[in-house]
Amino acid sequence: MSASLVGSEMCIRDRSISILIYTFRMMILSKNQKIEKVYFHIGWIPEFILKIIIAPVCEEILCRNLLLAALLENYSFILAAFIVSLVFAILHLQLDTFFYFFVSSLIFSYIFYVSGSVIYTICSHIVYNFLCSTITVQIRENYVSKQQL
């Protein structure tokens, strides 16, 4: 492998890790309601871009492209997927939905393992987040409209 190729891979990896650290910090900060209002309630378009596009891309690069790929070099798929899914679920810091994050991560890990590409997991994750967000909005709207009756 040429030195320039190794250097560019390291640069991409370093940038990916920096983006992921920033995303993780924002996830932690978002648990504080005052900070959440400042960072995440800036309008539906930026919120949509952050939650539906940026978060899945960062999470898939971290969990599948970096962590799962590294674990697969030394461990079986089952053990590697379990570890990655555990990390993925813990990173979301939501105990009430831990199981859903864990299972969805197992599915994304399988997609990555079978396809060998993070592109498919990113697309799947974006679709998953879009559907979950749409359903959540519908449930909230129905709940609010019933409360007003």
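**Entry 1: ground rules**

Buried means under 20% relative accessible area, exposed means over 50%, and partly exposed is in between, using a 1.4 Å probe and protein chains only. I tried that on C58 to start, and C58 comes out buried, with a relative accessible area of 6%.

A note to myself on the source: this is a predicted model, where local features need pLDDT of at least 70, side-chain atom pairs count only at pLDDT 80 or more, and totals for chains, interfaces and linings use all residues. Residues are numbered from 1 along each chain as its sequence is written, and side-chain values use heavy atoms, with hydrogens and water left out.

**Entry 2: the whole chain**

I looked up the secondary structure and found six helices and zero strands. Helices here are DSSP runs of H or I with at least four residues, strands are runs of E with at least two, and both are numbered from the N terminus. Read along the sequence, that gives me α-α-α-α-α-α.

Next I checked burial: of the 149 residues in the chain, 26% are buried. Then I went for contacts, where contact means heavy atoms within 4.5 Å. Among contacts in the chain with a separation of 6 or more, 59% are between residues 24 or more positions apart.

**Entry 3: helix α4**

How many residues does α4 have? I got 15, at positions 77–91. From its first C-alpha to its last, α4 reaches 21 Å, close to the 21 Å expected at 1.5 Å a residue. The expected span is 1.5 Å times one less than the number of residues.

I listed the buried residues of α4: F77, A80, A81, V84, S85, F88, A89 and L91. Looking down the axis of α4, I see these buried residues fall within an arc of 160°, so they line one face of the helix. The arc is that of the directions from the helix axis to the C-beta atoms.

I also picked out F82, which lies in α4 but is partly exposed, with a relative accessible area of 42%. Not counting residues up to four places away in sequence, F82 touches F102 and L106. F82 and L68 are 14 residues apart in sequence, and their C-alpha atoms are 9.7 Å apart in space.

**Entry 4: the core**

Which residues touch the most other members of the largest nonpolar core? They are C63, L68 and V84, in a core of 13 residues. The elements giving two or more residues to this core are α3 (44–72), α4, α5 (98–115) and α6 (118–148). The largest share, five residues, comes from α4. For the record, a nonpolar core is a set of buried Ala, Val, Leu, Ile, Met, Phe, Trp, Tyr and Cys residues joined through side-chain atoms within 4.5 Å.

I stayed on C63 a bit longer. C63 counts as buried at 1% relative accessibility, and C63 touches L68, V84, F88 and L91, not counting residues up to four places away in sequence.

With C58 and C63 in mind, I searched the whole structure for disulfides and found zero. A disulfide would be a pair of cysteine sulfur atoms within 2.5 Å.

I looked at L62 too. L62 lies in helix α3 and counts as partly exposed at 27% relative accessibility. L62 and F88 are 26 residues apart in sequence, yet 9.2 Å apart in space, C-alpha to C-alpha.

**Entry 5: after α4**

α4 is followed by L93, which lies in the loop between α4 and α5. L93 has a positive phi of about 55° although it is not a glycine. I noted that because most residues other than glycine have a negative phi. L93 is partly exposed, with a relative accessible area of 39%.

**Entry 6: helix α5 and the rings**

The 18 residues of α5 should span 26 Å at 1.5 Å a residue, and its end C-alpha atoms are 26 Å apart, which agrees. Its buried residues are F101, F102, S104, S105, F108, S109 and F112. G116 follows α5 and has a positive phi, near 75°.

I searched the whole structure for aromatic pairs and found seven. Rings of Phe, Tyr and Trp (its six-membered ring) pair if their centres lie within 6.5 Å; planes under 30 degrees apart count as stacked, over 60 as edge-to-face and the rest as tilted. One of the pairs is F98 with F102, stacked at 6.4 Å centre to centre and 15° between the planes.

Why are F98 and F102 separated by about one helical turn? Because they are four residues apart in helix α5. F98 counts as partly exposed at 27% relative accessibility, whereas F102 counts as buried at 14%.

Last lookup: ring pairs also link F77, Y110 and Y113 into a cluster.
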